[in-house]
Structures are given as structure tokens and as C-alpha cells.
Amino acid sequence: MSSTPHDPFYSSPFGPFYRRHTPYVVQPDYRIYELNKRLQTRTEDSDNLWWDAFATEFFEDDATLTLSFCLEDGPKRYTIGRTLIPRYFSTIFEGGVTDLYYVLKHSKESYHNSSITLDCDQCSMVTQHGKPLFTKVCTEGRLILEFTFDDLMRIKMWHFTIRHYRELIPRSILAMHAQDPQVLEQLSKNITRMGLTNFTLNYLRLCVILEPMQELMSRHKTYNISPRDCLKTCLFQKWQRMVAPPGRTSQSAVIPFLLRHTASTPQPRSARPAHNAEPTRQQTNKRRKRKNSASSTSNSSAGNVNSLNSKKKGPVANFSLSSQQLQQGFIHVLQDNVSTVAQPEMPASSSYSSTQRLHMTS
């Protein structure tokens, strides 16, 4: 009898030295598979709550999404934050897309201490369009993803660089309209720009304005102050960072000063209590002969009140700006965060020779 060779590294599960394999983290490309599967469960009734839950499941709270591509007038780069990511995916379906999924080929993974990076040089974003006509669009490029190295394994950075795209039309549709030159001319025109619909491009241009305004909107929502005061506070903080020496910042003192300024604003005369006005009346009635002295005392008391109010007001109140300066400062705040400029929309009758229209076999 010939006995099988004994493996010195084999450990029987019934022996005393059996050890289980340590659990391993899910592969990054499997997370993209789960993302595609979740997108397939989307229905026409999916509202903003569904998209927020989708983004919460696959994206970190401080995640960023970047799209880079080249249009007819030059290269474009759009970067949006976590609060704008759900709306980005929903605009894709609002532009006539019925199905969306990502295909990764020959992806490379690198593990770090707190993150996992996936680099796929051959990534395809496939979208199925139902209107204005049935078309399959394959947008190809490079996708770089950064995942958190934990149990949730959510995306922290999404960067998709689009190289080219193809729009595929079934042969059956061409055969149906082979005798109609007008329909054939309409079929020869592109329905997307670099694989993105006009809905998505317009939203990305809008994000150029919305992204820098996130600080103003969150400040208005948190402290319940007027938009003008929010802008003054942001500009005052920026001015403080420019003037203050390194290592010494007093940004935390700006909000209490602003709240004190808004709380100490003078009330209208109708809202003031009546007992404050009565002693002055009695004093003027008793001392009618000394009008000059009474007026001087009232002026001095008013000056004292104004000085007290000016002392109560913080540096933000003394940081007076005209409407033109506020507008220029607001534009300056926007320009610090804007990476691209809004571009005109594509005319409906234009077509581009750089894109190849291929025909699918039915």
C-alpha cells in the first residue's frame, strides 16, 4: 500500500493545534459591486431620503467626488463635497438614464495604515438611456478610489478622469428608420457630452456656486443670524487669519461677539418700556427754567448709552462694510473655492466628430 505524503503544515480541525483563519476585509472591487447592486434597486419613487441613505452607506462624512474631463473649450475639473454627492447621482437618472453601473478591469489595490486605495486604469461607466431614444453610453477613463480601512469600508475620495466615450444604438432601430432621412440625421447626433447629460453638467456648474456657500448656509442654520451678518463674520474671520500672527487665532470669539451685536441692536420706540420715558418727562416738567442744563444732561446721558453700546458691540460690529465691499468680499470667497467656470450649454443641433457612434448587433 502506498500512503499519501504527509504535509507538515497541515493541521487537522480535530487536533489540538487547529487555528481558524483571521477574518479579512472585503475587497474594494466588491464594494463597487455592492454599489452597482444598490443602484439597481432604485425605483422611480426614490426620493431624497433614499439617495441620502445610499450616500451614507458608501461615502464617508467628509468624502469628496471629483470629475475631470475635456470639453470643446478646454479641460474641466469639478469637485463636490459629501452633502452634494446624493444629488449628483440623482441627476444622472433625471437626465433620461434608466440604468447605471461601473465596470472595473485590471484594478490595482494598495493598503495603507488607515485607508485602501483602488486604482483602475480601465474603468467604464455604463449608462442606459431611455430618452430621447434608446442608447447605451460607455464612458471610459481612470477611476481612483480611497476607502477607509475599517468594517464599513466607505469611500473617502472618488476621482474619475474621463478619456473618451461611445454611444451605441441597436441595429433594429436603424432598420426601422432606414427610409427616413430626418430620423437618421437625429440618430447621428450625440445625446451626451463626454458621457454626461446636460442635467449632470448643469448641476456640476451649480455646485461651483453652492460648494463655497456651504459655510454661509451652515452658519445661518446654526446661529440663526442674517445672511449679511454671516458674510461679515466669514470675511472677518478671513481678515483675522491674514492679520493675526501664526499660532494665535481668535476665531472662536467671533460668534459670541456677533451674537452679542445682534442681541444688543436698538429696539424701536414702540417696543421700549414706558417707565423709561416717564422720569424724563417729570424731570423736564419740574425744571422748565433750566432747559439748557437739562438738554446737556440728556445729551451726556445719551452719549454714555452710545458709548456703552459701542463697548458692548464686538469687533465684528466695528468691522463695517458697505454693500459693494460685501459683494466684492463674497465674490472673493467664491473665487477661493472655485476651480472652474460655468460653461454654456450644448446646442441641441450640434454634433461632435470626436465621438464615434457605433452600432450594436440586436
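A residue is called buried here when its relative accessible area is under 20%, and in this predicted model both W51 and F54 fall into that class.

**Figure 1. Overview of the predicted chain.** The protein chain of this predicted model contains 13 helices and 8 strands, and buried residues account for 35% of its 362 residues. Among the contacts in the protein chain with a separation of 6 or more, 64% are made by residues that stand 24 or more positions apart. The chain exposes about 23,600 Å² in total, and 54% of that area is supplied by carbon and sulfur atoms.

**Figure 2. Aromatic rings of helix 2.** The structure as a whole holds 15 aromatic pairs, and one of them joins W51 to F54 in an edge-to-face arrangement, with the ring centres 5.8 Å apart and 85 degrees between the planes. W51 and F54 lie 3 residues apart in helix 2, which spans residues 48–58, and are therefore separated by about one helical turn. The next pair along this helix is formed by F54 and F58, whose ring centres are 5.4 Å apart and whose planes stand at 50 degrees, so that the pair is described as tilted. F54 and F58 are 4 residues apart, again about one turn of helix 2, and both of these residues are buried. Ring pairs extend beyond the helix to form a cluster whose members are W50, W51, F54, F58, F59, Y88, F89, F93, Y102 and W158.

**Figure 3. The surroundings of W158.** W158, which is also a member of the aromatic cluster, is placed in strand 7. With a relative accessible area of 2%, W158 is buried, because the limit for that class is set at under 20%. When residues up to four places away in sequence are not counted, W158 touches L35, F59, T64, L65, T66, Y102, L143, I144 and L145. For one of these neighbours, L65, the separation from W158 is 93 residues in sequence, yet the two C-alpha atoms are 4.7 Å apart in space.

**Figure 4. A buried salt bridge between E60 and R154.** A search of the whole structure finds 9 salt bridges, and one of them joins E60 to R154, with 3.2 Å between the closest N and O atoms. This pair links distant parts of the chain, since E60 belongs to strand 1 (residues 59–71) while R154 sits in the loop between strand 6 (135–148) and strand 7 (155–170), 94 residues apart. Both E60 and R154 are buried.

**Figure 5. Two further salt bridges, R87 with E94 and E140 with R166.** Side chains of opposite charge can pair when their charged atoms come close. In the salt bridge between R87 and E94, the closest N and O atoms are 2.8 Å apart. R87 has a relative accessible area of 36% and is partly exposed, and E94, with a relative accessible area of 35%, is likewise partly exposed. The side chains of E140 and R166 meet in a salt bridge as well, at 2.9 Å from N to O. E140 lies in strand 6 and R166 in strand 7, so this pair ties together parts that are 26 residues apart in sequence. R166 counts as partly exposed, because its relative accessibility is 28% and that class covers values between 20% and 50%.

**Figure 6. Packing of helix 6.** Helix 6, made up of residues 198–210, has 13 residues and reaches 18 Å from its first C-alpha to its last, which is close to the 18 Å expected at 1.5 Å a residue. The buried residues of this helix are T200, L201, Y203, L204, R205, C207 and V208. These buried residues pack against strand 1, strand 2 (74–80) and helix 3 (85–94).

**Figure 7. A nonpolar surface patch.** V26, Y30 and Y33 together make a nonpolar patch of about 290 Å² on the surface. Of these residues, V26 lies in the segment before helix 1, a helix that covers residues 28–40. V26 counts as partly exposed at 38% relative accessibility.

Technical notes:
Residues numbered from 1 in each chain as written. Predicted model: local features only at pLDDT ≥ 70, side-chain atom pairs only at ≥ 80, totals over all residues. Heavy atoms only, no water. Salt bridge = Lys/Arg side-chain N within 4 Å of Asp/Glu carboxyl O. Helix = DSSP H or I, 4+ residues; strand = E, 2+ residues; numbered from the N terminus. Buried < 20%, exposed > 50% of the residue type's maximum accessible area, 1.4 Å probe, protein only. Contact = heavy atoms within 4.5 Å. Phe/Tyr/Trp six-rings, centres within 6.5 Å; stacked < 30°, edge-to-face > 60°. Areas by Shrake-Rupley, 256 points an atom, 1.4 Å probe, with all protein chains shown as cover. Patch = residues over 30% accessible without salt bridge, like charges linked within 9 Å, V, L, I, M, F, W, Y side chains within 5 Å. Expected span 1.5 Å × (residues − 1).
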